[in-house]
Amino acid sequence: MKKTLLSFAVMAFMGAASVSSAQAQAKMTPGTVSVGGQAMYPNKNIVENAVNSADHTTLVAAVKAAGLVETLQGKGPFTVFAPTNAAFSALPAGTVETLVKPESKATLTKILTYHVVAGNMTADKIMAAIKAGKGTASLKTVSGGTLKAMMNGPKNVVLVDEKGNVSTISTYDVTQSNGVIHVIDKVLMP
């Protein structure tokens, strides 16, 4: 795990040198959002963008360990609720290290696919589903579980997992060629 995270840290450091040019290009490319200090281009897929976010190195390492890279590079569309490194760090000590071990692949895959919903669920669509559901929208995840989406204030969407944990969307509508990413502040558990 440390070797994988070190590799991603080096990639993030190398990518940091191009932040200025990426930000300049982001200003010229409609629909581009900055996540983890890097531009997320709408013409790139979920994996191509995520590997550049300094805030998502743990998520990328976990996606690789679970063997989900090809899936998330696929046609989609997918909606990914992407926990930050800080969200993974908030898990009990040793959790991430245990999950990325080969013998934990099935559990890791279930947790990661619990963060994915089929389709292109933009913030507007999620908020419309919440309104139609009279305050709660049920989102079926790729793992077969259910996330509940609710409003916490006039423009703030929160997700509640099956264990009752609440995660807040901090960045909405990071458009990808094969879907959309919403950055969240907690890891969701099936």
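**Close-up 1. Val 158 meets its bridge partner, Thr 168, in strand 8.** This is a predicted model, and we start with one pair of residues in it. The two strands here are strand 7 (residues 157–160) and strand 8 (residues 166–176), which run antiparallel to each other and share 3 bridges.

**Close-up 2. Step back and there's an open sheet of 7 strands.** Read across, the strand order is 4-3-9-8-7-6-5, with mixed pairing. Strand 4 (116–118) and strand 5 (137–140) sit at the edges; each has a single partner strand, so one side of each goes without a neighbour in the sheet. Going from one strand to the next, the twist averages 30 degrees.

**Close-up 3. Helix 9 (residues 123–132) lies across a good part of that sheet's strand list: strand 3 (78–83), strand 5, strand 6 (146–151), strand 7, strand 8 and strand 9 (179–184).** Against strand 6, helix 9 runs at about 85 degrees.

**Close-up 4. Now for the largest pocket, with a volume of about 240 Å³.** Its lining takes in 21 residues, and those nearest the centre are Ile 46, Val 63, Leu 72, Val 80 and Val 116. Two or more lining residues come from each of helix 3 (46–50), helix 4 (57–66), helix 5 (69–72), strand 3 and helix 8 (105–113). Helix 4 chips in the most, with 4 residues.

**Close-up 5. What is the lining of the largest pocket made of, by residue type?** The split is 17 nonpolar, 3 polar and 1 charged.

Technical notes. Residues numbered from 1 in each chain as written. Predicted model: local features only at pLDDT ≥ 70, side-chain atom pairs only at ≥ 80, totals over all residues. Heavy atoms only, no water. Pairing = 2+ DSSP bridges. Axes fitted to C-alpha atoms, helices over the stretch in contact; angles between N-to-C directions. Contact = heavy atoms within 4.5 Å. 1 Å grid on protein atoms, 1.4 Å probe; cavity = no way out; pocket = protein on both sides within 12 Å on 5 of 7 lines; lining within 4 Å. Points joined across faces, edges and corners; volume = space filled by probe spheres on them. Nonpolar A, V, L, I, M, F, W, Y, C, P; charged D, E, K, R; others polar.
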